[in-house]
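Morning, everyone. I'll walk you through one model today and stop at a few spots along the way. Have a look at it first.

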Amino acid sequence: MKKRIILFPVVMFLLFSCQNQPPKKALKKPNVLFILVDDYGYTDCSLMGSKYYETPNVDRIANEGMIFTDGYAACRVCSPSRASIISGKFPARHGITDWIGAKTGEAWSKKGRATQLLPPEYKHTLALEYTTLPEAMKEAGYKTFFAGKWHIGGKGSWPEDHGFDINKGGWDAGSPHGGYFSPYKNPNLENGPDGENLSMRLANETVDFIKNNQDTAFFAYLSFYAVHGPIQTVQEKWAKYRDKAEAMGIAETGFKMGHFLPIRQSQDNPVYAGLVEAMDDAVGVVLDALKEMNLDENTIICFTGDNGGVVAGDAYATSNFPLRGGKGYQFEGGIREPFFINVPGLGNGQRCNTPVSGTDFYPTLLELVGAQLKPEEHTDGVSLVPLLKGESIEERPLIWHYPHYGNQGGEPSSVIREGDWKLIHYYEDGHEELYHLKDDLGETNDLASENSERVKQMSTKLFEMLNEMGARFPAKDPTWTAEREKKHLNNVINKQMPKLEKQRLKLLSKDFDPGNNWWGSMVTKD
């Protein structure tokens, strides 16, 4: 362990020594920049396969670091994943198993739902008794900073209550209440000039923090509200991607019915593409600032998302193909993420296919900066430093627990992955599906019936882990009827699907205009 603790400073010293010029900066503890993008899908960046979105700055992080091809968020929706990153615990253990604000029990049913189950209650704040990642970084001598989306607790459980010295924009809400252009309607972020872009503002706040602390080891956590709905962009970016979609060929139909909701089949939403590019522009501002301040060679950069891209519900914004499903779903599209760690001197664009989780950032960063690990805190995370060095880690099961329905059409279920095998347990009827991800990334071939012993073994392991963590489970809704659910689904197919197709084509029409001066992004000078 002691050898690993001094690894990063030694690598940095050697890098500087091999140059024919003096070090740009006196060596100190490595800085850390953590970038989290909301609702960002596995193929929402060009490096991970998108032919539509353009993300040169996100790609830069990956190409200069290590790409974890099997990197996962800890949950299929935001609040649980965010809590897992800074606690090092799976959602079933910390108890935040749904996005904070989601209805449960009879309150869920009374909202007119036609589903079979009543989702269980969940915790609405991250426990203050946990020693979080930012608190551990403070103990290690770091100045800590947070900018952007929080959504893991109300007042009294905001970023400043969990270890961040400075909080710019983090509060209860999970979406930008004022949209992506100032005024923001955010109690923890002063409004900028009318029309200022929110992603760029958060990037500039991060740069200002770094400039004011460049002689001190810092932990900067840039948590974009993008690319969560409401999706908005400027006219110029919309026009660019509208033309690009046309050049690529606009499909006649854009949606296919899933279990509960239609699912978007292609990446051709020019508004969403513009929102993605604006986020990438903001990432570039921070990366360029690090380079200009000669901090890039002493800064670790982590980049990931909190759940899959939104293919249904919310804004129906993107497609995660070849992965199945998206945000809220039990399939790979709901949980697999862009997952990059850039450590100067390590990685260099290499790809690692070992399954890893958002819970792993906590111990990984502690080891990289030479701080003592806290295994009693990051219970469900392991250090990825051996992988960054080209070595291996012990194989372990990863689990996901989501006993809820959510807004995107996923089903209440729990998941376990062991090696290349993935088992899904469904709570409505108790059936289980088994997929071999190496051979079937799109999860199209259920192998459960021909692998009954493996199913039994994995299911047993899954519930042993869930019970040990104190997981909660859904209950049957006594008011449910098959007739009511069928009527609801017919309404979705016959009324909602045509509306979505019409809306999709409207966004791609040459005369599209959202009104309100493009969501307030256009500001007159008179």
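Before I start naming elements: helices and strands here are DSSP runs, H or I over at least four residues for a helix and E over at least two for a strand, numbered from the N terminus. With that numbering, Pro322 sits in the loop between strand 10 (299-305) and helix 11 (332-335). Keep in mind that this is a predicted model.

Why start with that proline? The peptide bond between Phe321 and Pro322 is cis, with omega about 15 degrees. There's another cis bond to show you, from Ser182 to Pro183, and there omega is near 10 degrees. Pro183 is in a loop too, the one between strand 6 (166-168) and helix 8 (198-212). While we're on the backbone, take Asp39: not a glycine, yet its phi is positive, about 55 degrees. You'll find Asp39 in the loop that runs between strand 1 (31-37) and helix 3. I flag these spots because most peptide bonds are trans, and most residues other than glycine have a negative phi.

Okay, zooming out. We have 16 helices and 18 strands in this protein. The radius of gyration is 23 Å, close to the 24 Å that the globule rule gives for 526 residues, so the protein is as compact as a globular protein of that length. Along the principal axes, its C-alpha atoms fill a box of roughly 75 × 65 × 45 Å.

Next, a helix pair. How do helix 3 and helix 10 cross? Their axes come within 7 Å, at roughly 50 degrees, with helix 3 covering residues 56-63 and helix 10 residues 270-292. That angle makes helix 3 oblique to helix 10. On the helix 3 side, the contact includes Pro56, Val58 and Ile61, and the helix 10 residues they and their neighbours meet include Met279, Val283 and Leu287. By type, the contact residues of the two helices split into 6 nonpolar, 2 polar and 4 charged.

Last stop, the largest pocket, with a volume of about 560 Å³. Which residues lie nearest its centre? Those are Gly258, Ile263, Arg324, Gly325 and Phe331, out of a lining of 27 residues. Strand 8 (255-257) and strand 9 (262-264) each put at least two residues into that lining. As for character, the lining has 9 nonpolar, 11 polar and 7 charged residues.

That's my tour, thanks.

Conventions
Residues are numbered from 1 along each chain as its sequence is written. This is a predicted model: local features need pLDDT of at least 70, side-chain atom pairs count only at pLDDT 80 or more; totals for chains, interfaces and linings use all residues. Side-chain values use heavy atoms; hydrogens and water are left out. On a 1 Å grid over the protein atoms alone, a cavity is a set of points where a 1.4 Å probe fits but cannot get out, and a pocket is an open set with protein on both sides within 12 Å along at least five of seven lines; lining residues have an atom within 4 Å of a point. Grid points are joined across faces, edges and corners, and a volume is the space filled by probe spheres set on the points. Ala, Val, Leu, Ile, Met, Phe, Trp, Tyr, Cys and Pro count as nonpolar, Asp, Glu, Lys and Arg as charged, and the others, Gly among them, as polar. Axes are lines fitted to C-alpha atoms, for helices over the stretch in contact, and angles run from 0 to 180 degrees between N-to-C directions. Angles under 35 degrees count as roughly parallel, over 145 as roughly antiparallel, 65 to 115 as roughly perpendicular and the rest as oblique. Contact means heavy atoms within 4.5 Å. The radius of gyration is taken over C-alpha atoms; the globule rule is 2.2 Å times the number of residues to the power 0.38.
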